[in-house]
Amino acid sequence: MTKFVNPGLMPTNRRNILRGGALAGAAAFAAAMPAKANTTPRRMPVPTLRAPAPHVVQVQAEAIAAATPADLSGLERVRQVLVDPPFAPIHEQVAAGAPKIVEIEMITEERLMVVDEDTGASIWALTFNGSVPGPLIIVHQDDYVELTLRNPVESMMEHNIDFHAATGALGGGGLTHIYPGEETVLRWKATKAGCFTYHCAPGGAMIPYHVCHGMNGAIMVLPRDGLKDGAGNPLRYDSIAYMGEQDYYLPKDANGDFIQYATAGEDYADSLDAMRTLTPTHSVFNGAVGALTGETALRFDVGETVLMVHNSCNMDSRPHLIGGHGEYVWETSFDVAPLTSMETWFVRGGSAVAAMYTFEQPGVYAYVNHNLIIAALLGATAHFVVDGPWDNTLMEQVVAPRAIET
Ligand SMILES: [Cu+2]
């Protein structure tokens, strides 16, 4: 296997980056190393998206050094304990009191994950807190998010985080590059209300590589007075279903079998070749085929109102709830009136969307990407199992299937 980015699979660290005379950023690292490592001729050149030029970094550093210190001493601090998807952290739908500093912690964890049990497809996933997608964060508009980001010493790679909800420094990506064994703290003000994606963005080809290895998630920034319909009436939910749609590009060997790799990063060159096809081998909800079906399907009751938060960091998606609807859909921002009575809505690649629905019938609902090839063949299907009484006025099987009389 070609070991292009990480010859000998040495963990990336600040020391070996600097020894290569390169800027922080894995694309620059890759560019500094190929003569020794690239034992197999590459079919395509290394992509040209690069780390910022030194003078740009210097200008930003000088501006930050000259900035007036922010006095947030009067703000209350609260800690939000993040939880694994598809669940949401404990939160209030309407903010109590003044804006707060919301402290959160995330670990950049590199871990081997099974993508499809039927084929044995697996990936050394790059994750926030060990899950794909990363955990859902929930704050209110004008709160401050204060993230402690840690990269375990066992990691192979540099990581960072770009919050689409944040303003400046590449969404925080420019201020959060951490190597194995490092941590950083970033605070930013949530000025925009809506659902937003976040993702790792180390630089160059490493950006899609990390994103397509699972390193993305969503933050929901609620209006301080909660969600509203187009007439300004309050809208409240009983529960949240948080789903991340993840496209994977898993390399195959000459026999068409998925290749197993020994450690994170070993698949780098093969993955870039697979990604250049723009044809995912899998596109799944919450990390793996069937992660939200069967025993792990989401469960609700008739009359329950669920807010479906759908993150799609890389590919466009068109979610549809088979047997139900998007009663209220915020495709863009919570500042605008929600779309209503939607059959299928749209998630722009690189964003997260919220859709609200109150279940009226029991049974199984399939939440799918209504590119049905992606749903049925690549994996993007989740199941909602709903309990409660059946309403014959909404639907009734008047005649069960029977032979046609001749
Ligand atoms: Cu990363």
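## Leu298 and its partner

Let's start with one residue pair: Leu298 sits opposite Phe384 in E21. The strands here, E14 and E21 (residues 381-387), pair in the parallel sense over 4 bridges. Pairing means that DSSP finds at least two bridges between two strands. A strand is a DSSP run of E with at least two residues, numbered from the N terminus.

This is a predicted model, where local features need pLDDT of at least 70, side-chain atom pairs count only at pLDDT 80 or more, and totals for chains, interfaces and linings use all residues. Residues are numbered from 1 along each chain as its sequence is written, and side-chain values use heavy atoms, with hydrogens and water left out.

## The open sheet

E14 and E21 belong to an open sheet of 4 strands, in the order E14-E21-E20-E16, and its pairing is mixed. Which strands stand at the edges? They are E14 (298-301) and E16 (319-322); each has a single partner strand, so one side of each has no neighbour in the sheet.

On average, neighbouring strands of this sheet are turned by 25 degrees against each other, direction ignored. For angles like this, axes are lines fitted to C-alpha atoms (for helices over the stretch in contact), and angles run from 0 to 180 degrees between N-to-C directions.

## Strand E19 and its partners

Now to E19 (residues 351-358): is this strand mostly covered or uncovered? Mostly covered, as 7 of its 8 residues are buried, meaning under 20% relative accessible area with a 1.4 Å probe, protein chains only.

E19 pairs with E15 (residues 305-312) in the antiparallel sense over 8 bridges, and there Val306 faces Tyr357 in E19. E17 (residues 326-330) also pairs with E19 in the antiparallel sense, over 3 bridges, with Tyr328 opposite Met356.

Notes. Buried < 20%, exposed > 50% of the residue type's maximum accessible area, 1.4 Å probe, protein only.
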